[in-house]
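Visitor: I am new to this structure and should be grateful for a close look at one part of it. Please choose the part, describe it with care, and then relate it to the rest of the chain.

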Amino acid sequence: MPKSSKKKKEKAVDFSKAKLKLGKGKQLPSNVVDTSFKARSIALPTQSIAVEKDATLPTTRRKQSFDDLVSLMKHYNANTRKDAILSFRELFESHPDIVESSMTILLGACVRLIGDEDAGVRKTLLSFLSWLLPLVSKEDLIPHVPLLILFTTSAQTHIFPEIRIDAVRFLDLFLELVPESVVDGWIQGNPGHGKRVLEGYLGILSAGTKYGDTEGALKATSTASVVLSSQSKLVVLKSLSAFLTHAVSRPLRPSNNATSNLDPTAVPLPTWFLAPSFRSARSFNAYERLFRSELVDCQPELDAEHPQDDFICMPDFVAGPLATAWSLNDLSGLSLAQTESLTHLNSNTSSLIHLARTLYSTLLASYLDCAPVVFSPSANPPEAELNLLAVTARIMRTLYGPILQDRFSLSLAEEETLCDELSTLLGYMTGYFPFRPAHREIKVEHAFQDLNVIYCELTALLVLVSFRRPSGDMSRKTRFQTSRSSASSSHVKHEGKLTLQAGLVRTYVTRLLLGEDNSGAQISRPLIPTMYTALLPTIWALLNRPKESHTRTQAEAPTDTVLSAMLDHAIRTTSNSAVKALTVEFVARILLLETETDYCGQFDVRNTGAKEKFQEWILHLPRTLWEIGPHNLAASETVIRSLLRLLQRDSIMIKHEEIIGLQTRLTPFFMITHPVRGRLPGPFTKIPTSSPLIRRLAVDLVVTILSVSTRSEGEERENLMIAVGSAVSGTLEEGYWQQLVRATGLS
């Protein structure tokens, strides 16, 4: 049998020579041995048996020390970096004593993760810093703020939009803890990181210029190529609103709270809107300080050579003729120390104007995008769109409010441009005002009420500016008339729109003060202090409008209706309300305007026809003082000062009947006569001796009332003197009371 072909081929292979092909390497033999090798290194920095570990070193449950966790913050794996952050919290919760000493190294490692590309790491870091930083004192945290801001502003310009949004969330945390350090330097030329932070906001919003370049057209420098969603835009605008509030409000609106030393949480009464009604800054400063507590040492005895202005009523001295010759002794108690000029050019004004013009298109676009959804008559708005529109309105108030409050820092062209921009924004809002939700929902109603108040504030600014223009200096007035002649039609159109807006605001404010809920609710909500103070510029703008501008339309109510509603609200507000002290001070300031020789406003309390209402308000103050007593010392001081100033200035609203009424109503404050239990001490005796100023003010008030009354009033006068003598018996005020009685001849 012949051999198979298969065996022949196998035999031939053993002696055949492989042919080499072009481009192919030489084939290796089948029995070749591979001699190549690979080497890897293993790093064991802390696992050497030659190194002894410190058993007293603070560690986590995984036996990781602080240095171990710092090294893991640079790990290539995102989960490892996130676990390291969580372990830091565990370590500090177990050993809080090492927090302060570890801050420099810890924050140096944390700041590099602000711009981490993993969202979980950024979220964990934000949660960790939100827990850690409030535990550190502000003094220890401020030195590290530049480093935190540096990396955060770098993340604001990151290529990924989600990292830019998370950087804004870190800024929110820093603004909450150290706002001064974050906003410092936001004005061109000032040291600090605020300018970079602001540029980052503008870049994310695609609004921006190279901030600080106030000349020329706006140059886009935004790196944000992605259109922001409503939720992301809300995050940015809320943070920007907080930044602007801290940057703008503090230098432009100094607190004039008269009782800040007694109640630091009290909301101060704003008075900036009254400044244009005074001929000089000096006069307005003196008027503003009428309710301010002066930090003086209260002595138990009267210093007859240096009397304080709260000592006794001297109407002839206060309101006497200007030609009267006063000696230095007479003027010693009326010195106006620490007078500040109101006409200085604010360094912030130009930066604010530029910023307002930069953000104008962004704010307008944001409002136009949200308004149809938010003001839908069929359904309540989504939360994101509602909050976005609300924060847009707050930014409008923050920017345009301080600019238009400044009386002389604006040129005519700047003022007209800003007023036109604000009028345009308000014009789009007017069609929906007053804002009402489609259905009853507490959270939505609160947001709509805030929008209504902001609309009233901005409209009041335009009203104040509109009738303030002709009263400026002559050169300003001439330029205004020249420009008005070239565009009279647009001016008339603007004035007509403003008249309509003022009428709508007047109706809304009147109903709000009368307790009529504009949202259709059966029970209206009481005003809170921040809302009441926000309404005060609007109330004053409506009261102080020139008579010729009171054109009656269907949407308008007369000015005396606003005044009557304001007085009714002031009387109706309960004594324990947080708004009570604000209502007392505001009404008292309105009454005191007619006693100021440099007052030049349109409002005249003598021509309002509300004399009975004002007198009713005055006579209800002793009861308010009795009900407040020692429970709210700041409010008690405001009530006492209000009565004292009105008596000192010889207000036209306090006549013989009011003097008798005040004597009768003030007696229970010092001593109560019970039909069964007899004489009982009044609330005056419960005022702590640690507040001698209020106790002496109350004694001064009584002496002032008695000094302007006649001895023929008999019983009421005698009862009040007996009550005060009994209340101060055995106290430091007893000698003070007796000296006042002898000095004024009341004994």
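Guide: Buried residues make up 47% of the 747 residues in this chain, and the model shown is a predicted one. The secondary structure comes to 29 helices and 2 strands. Of the contacts in the chain with a separation of 6 or more, 75% are between residues 24 or more positions apart.

The part chosen for a close look is the pairing of helix H5 with helix H8. H5 covers residues 119-132, and H8 covers residues 161-177. The two helices pack with their axes 11 Å apart, at an angle of about 5°. Angles under 35 degrees count as roughly parallel, and H5 and H8 are therefore roughly parallel to each other. On the side of H5, the residues that meet H8 are Arg122, Leu125, Leu126, Leu129 and Ser130. Their partners in H8 are Glu162, Ile163, Asp166, Arg169, Phe170 and Leu173. Sorted by character, the residues of this contact divide into 6 nonpolar, 1 polar and 4 charged.

Within this pairing, Leu126 deserves separate attention. Leu126 lies in H5 and touches Arg169, Phe170 and Leu173, leaving aside residues up to four places away in sequence. Leu126 and Phe170 are 44 residues apart along the chain, yet their C-alpha atoms are separated by 6.6 Å.

A second pair of helices may be set beside this one. Helix H17 (residues 412-430) and helix H18 (residues 442-466) have axes that come within 11 Å and cross at roughly 140°. That angle makes H17 oblique to H18, and H17 passes H18 in a left-handed crossing. From H17, the residues Glu415, Cys419, Leu422, Ser423, Leu426, Met429 and Thr430 take part in the contact. They meet Tyr455, Leu458, Thr459, Leu462 and Val465 of H18. In this contact, the residues divide into 8 nonpolar, 3 polar and 1 charged.

Further along the chain, Glu596 is found in the loop between helix H23 (580-592) and helix H24 (611-628). Buried means under 20% relative accessible area; Glu596 has a relative accessible area of 15%, so Glu596 is buried. Apart from residues up to four places away in sequence, Glu596 touches Phe278, Tyr287, Leu290 and Arg649.

Helix H25 runs over residues 633-648 and has 16 residues. From its first C-alpha to its last, H25 reaches 22 Å, close to the 22 Å expected at 1.5 Å a residue. Because 16 of the 16 residues of H25 are buried, this helix is largely enclosed by the rest of the structure. H25 is followed by Asp650, whose phi is positive, near 55°.

The last stop is Trp737, which lies in helix H29 (residues 733-744). With a relative accessible area of 8%, Trp737 is buried. Not counting residues up to four places away in sequence, Trp737 touches Val699, Val702, Val703, Leu706, Met721, Val724, Gly725 and Val728. Trp737 and Gly725, one of these partners, are 12 residues apart in sequence and 7.7 Å apart in space, C-alpha to C-alpha.

To return to the part chosen at the outset, H5 and H8 are roughly parallel, whereas H17 is oblique to H18.

Methods
Residues are numbered from 1 along each chain as its sequence is written. This is a predicted model: local features need pLDDT of at least 70, side-chain atom pairs count only at pLDDT 80 or more; totals for chains, interfaces and linings use all residues. Side-chain values use heavy atoms; hydrogens and water are left out. Helices (H or I, at least four residues) and strands (E, at least two) are DSSP runs, numbered from the N terminus. The expected span of a helix is 1.5 Å times one less than its number of residues. Buried means under 20% relative accessible area, exposed over 50%, partly exposed in between (1.4 Å probe, protein chains only). Axes are lines fitted to C-alpha atoms, for helices over the stretch in contact, and angles run from 0 to 180 degrees between N-to-C directions. Angles under 35 degrees count as roughly parallel, over 145 as roughly antiparallel, 65 to 115 as roughly perpendicular and the rest as oblique. A crossing is left-handed if the near helix is turned anticlockwise from the far one by less than a right angle, and right-handed if clockwise. Contact means heavy atoms within 4.5 Å. Ala, Val, Leu, Ile, Met, Phe, Trp, Tyr, Cys and Pro count as nonpolar, Asp, Glu, Lys and Arg as charged, and the others, Gly among them, as polar.
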